[in-house]
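Here is a short tour for you to follow with the viewer open. Please keep the sequence at hand as you go through the topics below.

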Amino acid sequence: MPAPAESATPTALPKPAMTRLAAIGLGRFRRASRTERREWLLALILLTPALVMLGLFVAYPFVRGIWLGLLDSVVGREGDFVGLRNYVKLWNDDIFRRAAANTFIYTGFATSLKLTLGMIVALMLNNLIGWKRILRASMLLPWIVPTVLSTLAWKWMFDPTFSIVNWILYHLGFIRLRIDWLGGPVMAMGSVILVNVWRGTPFFAITLLAGLQTINPDVYEAASIDGANPWQRFWRVTWPLLMPVTTVVMLFSVIQTFADFQLVYILTGGGPANSTHLFATYAYQIGVATGKLGEGAAASLAMFPFLFLVVIFQLWYIRRGEGGRGSA
Amino acid sequence: MGEERRGTSGKRWTSVPRRTFLKAAAASAGAAALGGMPGILHAGQAPAYPKGTRLHLLQWLNFVPAGDKVFLAQAEEFAKQMGVEVQVERIGMNDVRTRATAAIEAKSGPDIILIPNNLPHLFADGLADVSDVAEPLGKEQGGYYNLPRANAFSGGRWIAVPQFVYSWGWNYRESWLREIGYEKFPDTWEGFRDMAKKLKAMGRAVGQAFGHSENDPNNYCYALLWCFGGAEVEKDGKTVVLDKKGTLEAIKYNTALWKEGLDESGLSWDDATNNRAFLAGSLSVTGNSPSIYFVARDKFPDIFKDLNHAPMPKGPAGRFYQLPTLSSAVMKYSKNQKLAREFIRWYMAKPQFEKWFDVMDTFAVPPTKMWYDHPVWVRDRKNVVFRDVIKDSLWPGYAGPPSRKASEAMAKYIIVDMFVKAIQGATPEEALKWGAGELKKIYGA
């Protein structure tokens, strides 16, 4: 049955609205729609490369990883669907639980230390008068050197026989016996955290320094006039005003540190006796070293819930900041 | 002549120029009639491989560079005879596993991969059946030893062709042993412990790696386990029997040895640490292939004169070795499987292999028995010991057959970490319980 002519109009608007549209010119309305369509087309064309890249290199591997985690796939064999069996198996795996605990310890200590040291360096650089450029550039060196190279250098520095660190400490009279940096569970974990902190501190320092430079000096001046000492100026002025930057940097760092692989893989391979395995290194050991791709994918995806929460929090925090600025 | 160049990732490549041969079809027929490469050479003509055919080999970076040179020259000769290109790519041994996994999953990559240890079992589904190469080769050359066969034979077929086994022995400083009253290297583990104790008391400890590294930690820990009568599983390959007296005795022994005679930084060592420490004069004794000896010969003459090699001591159950093995696997996805087989057949044949074996200078133990009486073994009296190691070698997963599960246990360093746990303070019983539990998870899955 044919629809009434009125309801068949493209907009299907009530009569008063149609009248208003006629008043501003319906033809103009139609032209705007075509422009909109052209803009949409242009937007689509411009977005396509990014969408294809995201689809190929982010979405596909991610979805494939989820699917693989539900199979008993091994190298060279697709495997059968096993549901959550891989995850159950991991849950009952002592080494996996150890790796999970290690990852939280590693991330917690490394990120806290990087924040502390990064803040100290940023404050020092912010108050420096001369040598600023050279110091800032040299400070970034650990961050820009490829991780594999710098970690290999650290491995040499931790070498039981040829450790330059031990040599210096011995000749300065601080130690009488060599320190076995990567030998014991606590020392090995401490050493990998140390290298992570060394590498990651410049990221904190340079970002916090950028944040510090946005703080109006008048605020410090006012605080000084009110009698605030240096600690009070930091705690009551710098810290709150720097909080948005600090939060974002912390979240980025947590994500990177939590999913770290190269550093531990090169320094210890997860040893001794699995005491330094992280989620990523253990997932590699299962998936590649033992060829159990399904279990390896599951171990790798076990990181996802935590990282997802971090990302959600990060996005919420950023949007909240944007909202705050918008309403101000 | 081919040229050697480096890729962007620092990998070494050798490309051999393509040759075009006339009468290819006729030569191919002749070759087929006469049988493989000897037939081709007899005909003096190349078989019909399509123009532009390229054979891609992935190998490890050899510890004996002279061996690589000979191999490359042979690859060039093969390429010339067959009218194809042969490309040899070399990477570190620890990276072979990753490359092979990626290649099998992508169904693209090298035609032949030289796969270490018992990894062929992990990759079995991605490897072509090469029984037609391995079986006749074994028969021609007096049969295979148990270890190389175990690592390359699965489910009634050859999944790779064994190329060689690393030789292994205890490297020791003769003069330092004489100083503590040892004219000869001890032949039992009890004697070894006494020797190590006395050496460590003089500040010259014995060095042994216990880190997560492919060869040295596994070589020592598996051997010690077997010498004391321990084993991972029964002959059925399913029933875990690690939790037995022999294993417990091995753990107790090693924990005592650690305190009394071993260098106590070994928990973080990889395969190269002991080489460096020995050549630096920090160690008196360490287990290794003759690579330390070769470096000493070239660069450390004083250590070279004083260095000798000794076999594994005997334990209550005997003398056993776990040795790194390398096997050539033809990949199932390869479109050049026929050519790949021809190549393996070619370089494993006596005329070619002998030249390579000669320059490898006792580092490589051939997988077949024909080579036992070769003059290479007696060229240097200090290296004679390497000839026999393969006869006493067992495989991971012993007493069961080699398997994917045994590969998994080795890749997860279960046996190594069991010893490490006791070193780190767990009681031998606790360490054993942990190791047996982990093995049960693997074999019970």
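**Briefing on the two-chain model**

In helix 17 of chain B, the buried residues are Arg404(B), Lys405(B), Ala406(B), Ser407(B), Glu408(B), Ala409(B), Met410(B) and Ala411(B). Please keep in mind that this is a predicted model. Helix 17 is a good place to start, and the chains, domains and strands follow.

**Helix 17 of chain B**

- Why is helix 17 of chain B described as largely enclosed by the rest of the structure? The helix spans residues 404-411, and 8 of its 8 residues are buried, so the rest of the structure largely encloses it.
- On the chain A side, the buried residues of helix 17 pack against helix 13 (279-289).
- Within chain B, their packing partners are helix 5 (119-122), helix 10 (216-227), helix 18 (414-423) and helix 19 (428-444).
- Just past the end of helix 17, Tyr413(B) has a positive phi of about 55 degrees.

**Chain A at a glance**

- Chain A has 15 helices and 0 strands.
- Of the 328 residues in chain A, 31% are buried.
- Take the contacts in chain A between residues at least 6 apart in sequence: 69% of them join residues at least 24 apart.

**Where chain B meets chain A**

- The contact between the chains draws on 29 residues from chain B and 23 residues from chain A.
- On the chain B side, helix 4 (93-106), helix 12 (273-279), helix 17 and helix 18 each contribute at least two residues.
- Helix 4 of chain B gives the most to that side, with 5 residues.
- Sorted by class, the side of chain B that touches chain A holds 9 nonpolar, 11 polar and 9 charged residues.

**Domains of chain B**

- The domain assignment splits chain B into domain 1 (3-166 + 324-378) and domain 2 (169-322 + 412-444).
- Where these two domains touch, domain 1 of chain B provides 8 residues and domain 2 of chain B provides 6 residues.
- What classes of residue does domain 1 of chain B have on the side that touches domain 2 of chain B? That side has 6 nonpolar, 2 polar and no charged residues.

**The open sheet of strands 9 to 12 in chain B**

- In chain B, 4 strands form an open sheet in the order 10-11-9-12, with mixed pairing.
- Its edge strands are strand 10 (206-207) and strand 12 (307-310) of chain B, each paired on one side only.
- Strand 9 (residues 169-173) of chain B runs antiparallel to strand 12 of chain B, and 4 bridges join the two. Here Arg173(B) stands opposite Leu307(B) in strand 12.
- Strand 9 of chain B also pairs with strand 11 of chain B in the antiparallel sense, over 4 bridges. In that pairing, Asn288(B) in strand 11 is the bridge partner of Gly169(B).
- Strand 10 of chain B pairs with strand 11 of chain B in the parallel sense, over 2 bridges, and Val206(B) has Val285(B) in strand 11 as its bridge partner.
- From strand 11 (residues 285-288) of chain B, Val285(B) and Gly287(B) point one way and Thr286(B) and Asn288(B) the other way, and all are buried.

**A β-α-β unit in chain B**

- Strand 3 of chain B, helix 3 (residues 65-82) of chain B and strand 4 of chain B form a right-handed β-α-β unit.
- Strand 3 (residues 54-60) and strand 4 (residues 85-91) of chain B run parallel, joined by 7 bridges.
- Trp60(B) stands opposite Ile91(B) in strand 4 of chain B.

Note on methods
Residues numbered from 1 in each chain as written. Chains lettered and ligands numbered in written order. Predicted model: local features only at pLDDT ≥ 70, side-chain atom pairs only at ≥ 80, totals over all residues. Buried ≥ 20, exposed ≤ 12 C-beta atoms within 10 Å, placed from the backbone. Contact = placed C-beta atoms within 7 Å. Nonpolar A, V, L, I, M, F, W, Y, C, P; charged D, E, K, R; others polar. Pairing = 2+ DSSP bridges. Domains from an automatic or database assignment. Right-handed = clockwise from strand over helix to strand, strands pointing away.
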